Amino acid sequence: MEFPQQQKPAGDGKIIYPPGVKEITDKISNDEVVKRLKMVVKTYMDMDQDSEEEKQQYLALALHLASEFFLRNPNKDVRLLVACCLADIFRIYAPEAPYTSHDKLKDIFLFITRQLKGLEDTKSPQFNRYFYLLENLAWVKSYNICFELEDCNEIFIQLFKTLFSVINNSHNQKVQMHMMDLMSSIILEGDGVTQELLDTILINLIPAHKNLNKQAYDLAKTLLKRTVQTIETCIANFFNQVLVMGKSSVSDLSEHVFDLIQELFAIDPMLLTSVMPQLEFKLKSNDGEERLAVVRLLAKLFGAKDSELASQNRPLWQCFLGRFNDIHVPVRLECVKFASHCLMNHPDLARDLTEYLKVRSHDPEEAIRHDVIVTIINAGKKDLNLVNDQLLGFVRERTLDKRWRVRKEAMMGLAQLYKKYCLHHEAGKESAQKISWIKDKLLHIYYQNSIDDKLLVEKIFAQYMVPHSLDTEEKMKCLYYLYACLDTNAVKALNEMWKCQNMLRGLVKELLDLHKLPVSEANNTAMFGKLMSIAKNLPDAGKAQDFMKKFNQVLGEDEKLRVQLEMLISPTCSCKQAEICVREITRKLTFPKQPTNPFLEMVKFLLERIAPVHIDSEAISALVKLLNKSIEGTADDDEEGVTPDTAIRAGLELLKVLSFTHPTAFHSAETYESLLQCLKMEDEKVAEAAIQIFRNTGQKIETELQQIRSTLIPILHQKAKRGTPHQAKQAVHCIHAIFNNKEVQLAQIFEPLSRSLNADVPEQLITPLVSLGHISMLAPDQFASPMKSIVANFIVKDLLMNDRSVGNKNGKLWTTDEEVSPEVLAKVQAIKLLVRWLLGMKNNQSKSANSTLRLLSAMLVSEGDLTEQKKISKSDMSRLRLAAGGAIMKLAQEPCYHDIITPEQFQLCGLVINDECYQVRQIFAQKLHLALVKLLLPLEYLAVFALCAKDPVKERRAHARQCLLKNISVRREYIKQNPLAQEKLVSLLPEYVVPYMIHLLAHDPDFTKPHEYEQLKDIKECLWFMLEVLMTKNENNSHAFLRKMVENIKQTKDAQCPEDAKANEKLYIVCDVALFVIANKSTACHLDSPKDPVLPSKFFLIQDKAIHTHTHT
């Protein structure tokens, strides 16, 4: 717009005032000026644009009001009234203002802008005039006149700053609306927004300002929304300058760009249409900190509740996802943290995130793996549907992470989900089903070696799976159905957990018993041993030992503490009583001035493990009631997802396990009545478990529960004579364990059974053979003699040395238990009976053991067909070979029989591990491992595992290696923990297995040509299989010890056949191969051996003169 020529006032510049208004000059008082101006204001207020005559008449006054006298007047009221007049003048004379000088206009608008500050105080008597001023300016868009001024920007900046500074929560909607109209018209009708003006708007969005003046923030937000089309270009230019060109000097707000982008996106994503591609460019910056800042920003934009950015800008989303694999750790960490909000707010993006979270769940950084778990669990806790099975699978994997912090987070996270959705059913049965695997997975972790893992599983079980805070009935219902739903391995883990806790209770009891004895050196040594054993069951073994010593000292000094601890581990302690004891012990050990007390924490760990938080008499009673309901069909079995049969069987198994760990809790007529009902049930497993519970818990039935006794005895007799083999075994053991007149009772079973043995009806033999075997083992003095004739005349002559039936000739090496012929099943039980009879006698005065061992060896030599009549099937022969090998191994566990097992018999037994039948190899290896790991078998049997190197099946070789590792570690640990073991090193030290292995390999039937490459290669593989595990560490210079031991063997003769030159040659060749393997594995083996090895005389004959030094190649 062109500015018109200066208008000339009427009457040659003489100022005409409205009627009744005298001249306003600097000669009158301020009050008078105000009084006269009010009348002028009234006049201008009443005028409109059509009043041409009045406009001309008051033109001079209009010019006069813009003079310095008014614009610079010190009086606030004067300035306000003048501003009101000037606003009306702009309204009346629009579109051509009477002021043509650019400087004058600038002065006027800056003057009016300054007056708008008065809007701040809404309680001011003049507020209405200030409002009128604002309304007038907004209505007429008076500031638009300034577009023609060169420095209009200065005016606009001042105006925007003023309005943003004065707005507050006392303003009504009209005030805000007029401010908005005033500012938006300047933006919408101007030629663009300068950076300085943009800054005055954007500064209100910065968090610091936003928090100071919420109304200014709202005003800026509304203004941006209204002017989005116009202002977007200016915003894009600003971000382009800062983000792409790096010109941070363009604005004071440059350092706040990411805060601003977040705010602008929340206001209207359209404001950033051109900015988003610039962020994609920034995501690829070489500066890690810069990428981190952009990732933080975009995480907020993508993760915002109603954000559609990911779908609207796929390239940016894909580029952002790429940062999950950023080289910079903080960037990856930020991405993982973002995923949590994203999963919660945008479930539709879960698929995109899953692949990236999968990679991050294997991140080398512990913190990132940890946060992946937190991300998934937090989303799952909000709504299980937000996390797919794959995401939960990542958490599952991390329960086995190498770092404790990550494992702990994963385990606790799964526990929380389990409690929320499976225990409390917060999202229905479908959700509970989706994560039903959690209970099993958490318990499987109990198999881990780390004590921290075991302790956490115990804590999770007590707090999340079967919360101990529930009342007894609820708690037991929870346990009853949990046990019924667990998989086999989880059940084993839970049983092991109770067993470990019970064992620890036993250690604490033994420690307390030692405190009752007089002080002595022996007592102190015994105490120290107990403390070390207890410390092994607590985290951080080193600290645990120190703290347990301290705890033991406190126990010695504080009798009340001992009493509380005695009560806690007492078999009669109830769960409620246990809570009180733990509280009391903790209180006694708490020191108020210590903020952290690691000693107390360690004692708490111990108390948590030994306190009976689930099981007491009341709990057993509640379990038995649940079992009764399942039997009667009145329980909620189907509702809990199990069949009544499963519930009964699992319930009884649970009671059986608890009968080992809490036998005293079972002692009540009500409990035993229910168990008697179970004995009468058709389910074989149920009756068997019930008998075992009686066996474990019924010590006081004889004296205190006569009614139960009289009902139980005939049932036990019936089961021992005609029950299943397992029931018969348990019945015999039960009678032996709980009745005083056991001799009479066992005789009443023995005599009829021994008379009724008939080899022509083998299917009716199995239970009698089991019962007779166990009776002769439990009461050898009473039944050893009658058994001798049974063994000689019936077991050996009639049963084992005869083949009455012809087996199936299908050529299979193994069949299911159901397909095994009754005759062979009877023969297997006959072999077991022989072993039990001998184990009961524990002496070889009658030479019965020699003849039994010869019989078993003949069974192995004939490959299971003792009569060699070829009537027996291949699969039945496999069963008999397994039984014979197992029998020799069982007899070797008794020292008096181990001494008479010849090297040939040992070799025959060991070679079963190379049997042609896979199942024979598998079962024999498992039996061998279990006996060795319990230190029941002599060390030479560990050598048998070396033969597994020849097993054609990879899984068998891997299993054998694991068995070796476990056995070697068990023996080494035993030697460390037991000072007395030093005297028996020859039978315990794993390295002493080498002579036995060398001898066994030298007599391997496959080793026929000692100089043939393929056979030597097999020998080397077998030696390496054992030595590689043995030589993992060179403890106490053990490598040199091994070398020396092998060299010493070369200076002996084979005791099995000392005059056989070929046998000796084979022995020396195996030694040479062993030396080659040892030298290849270790450079330290050539050092001097710390001690001289002792060789077993049963296998090696020390030569007096001739020394074998020849080396075979």
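Colleague: Which label fits Glu-510, buried or partly exposed?
Modeller: This is a predicted model, and the answer is computed from it. Glu-510 has 35% relative accessibility. Buried would need under 20%, and exposed over 50%. Glu-510 therefore counts as partly exposed.

Colleague: Which residue meets the side chain of Glu-510 in a salt bridge?
Modeller: The N to O distance is 2.7 Å. The cut-off is 4 Å, so the contact qualifies. The partner of Glu-510 is Lys-530.

Colleague: How many residues apart are Lys-530 and Glu-510?
Modeller: Lys-530 belongs to helix α29, residues 521–535. Glu-510 belongs to helix α28, residues 488–515. The pair links distant parts of the chain, with a separation of 20 residues.

Colleague: What is the relative accessible area of Lys-530?
Modeller: Lys-530 is partly exposed. That label lies between the 20% and 50% limits. For Lys-530 the value is 23%.

Colleague: How far apart are the closest N and O atoms of Arg-972 and Glu-991?
Modeller: Arg-972 sits in helix α50, residues 954–977. Glu-991 sits in the loop between α51 and α52, so the salt bridge ties together parts that are 19 residues apart in sequence. Both residues are buried. Their closest N and O atoms are separated by 2.5 Å.

Colleague: Which residues form one network through shared salt-bridge partners?
Modeller: The structure holds 53 salt bridges. Some share partners and join up. The network consists of Arg-369, Glu-397, Arg-398 and Asp-401.

Colleague: Which residue of the Arg-296 and Glu-334 salt bridge is buried?
Modeller: The closest N and O atoms of this pair are 3.2 Å apart. The bridge runs from helix α16 to helix α19, across 38 residues. Arg-296 is partly exposed, at 41% relative accessibility. At 19%, the buried residue is Glu-334.

Colleague: How many aromatic pairs does the count give?
Modeller: Ring centres must lie within 6.5 Å to pair. By that rule the total is 22.
An example is Trp-317 with Phe-338, at 6.2 Å centre to centre. So the count asked for is 22.

Colleague: What kind of pair do Trp-317 and Phe-338 form?
Modeller: Trp-317 is in helix α18 and Phe-338 in helix α19, so the pair ties together parts 21 residues apart in sequence. Trp-317 is buried at 0% relative accessibility, and Phe-338 is buried at 2%. The angle between the planes is 70°. Over 60 degrees the class is edge-to-face.

Colleague: What is the class of the Phe-547 and Phe-599 pair?
Modeller: Phe-547 lies in helix α30 and Phe-599 in helix α33, 52 residues apart. Phe-547 is buried at 17%, and Phe-599 is buried at 3%. The centres are 6.0 Å apart, with 50° between the planes. That angle is neither under 30 nor over 60 degrees, so the pair is tilted.

Colleague: Which ring does the charged end of Arg-879 sit over?
Modeller: Lys-210 gives one case of a charge over a ring, 4.7 Å from the centre of Tyr-217. For Arg-879 the distance to the ring centre is 4.0 Å. The ring belongs to Trp-814.

Colleague: How many disulfides are there?
Modeller: The sulfur atoms would have to be within 2.5 Å. Cys-581 is 5.0 Å from its closest cysteine sulfur, in Cys-573, too far for a bond. Cys-581 is also buried, at 0%. The disulfide count is zero.

Colleague: What is the phi of Lys-141?
Modeller: Most residues other than glycine have a negative phi. Lys-141 is not a glycine, yet its phi is positive. Lys-141 is in the loop between α7 and α8 and is partly exposed, at 38%. Its phi is about 55°.

Colleague: Where is His-425 found?
Modeller: His-425 has a positive phi of about 50°, although it is not a glycine. At 42% relative accessibility it counts as partly exposed. His-425 is in the loop between α23 and α24.

Notes. Residues numbered from 1 in each chain as written. Predicted model: local features only at pLDDT ≥ 70, side-chain atom pairs only at ≥ 80, totals over all residues. Heavy atoms only, no water. Buried < 20%, exposed > 50% of the residue type's maximum accessible area, 1.4 Å probe, protein only. Helix = DSSP H or I, 4+ residues; strand = E, 2+ residues; numbered from the N terminus. Lys NZ or Arg CZ within 6 Å of the ring centre and 35° of its normal.
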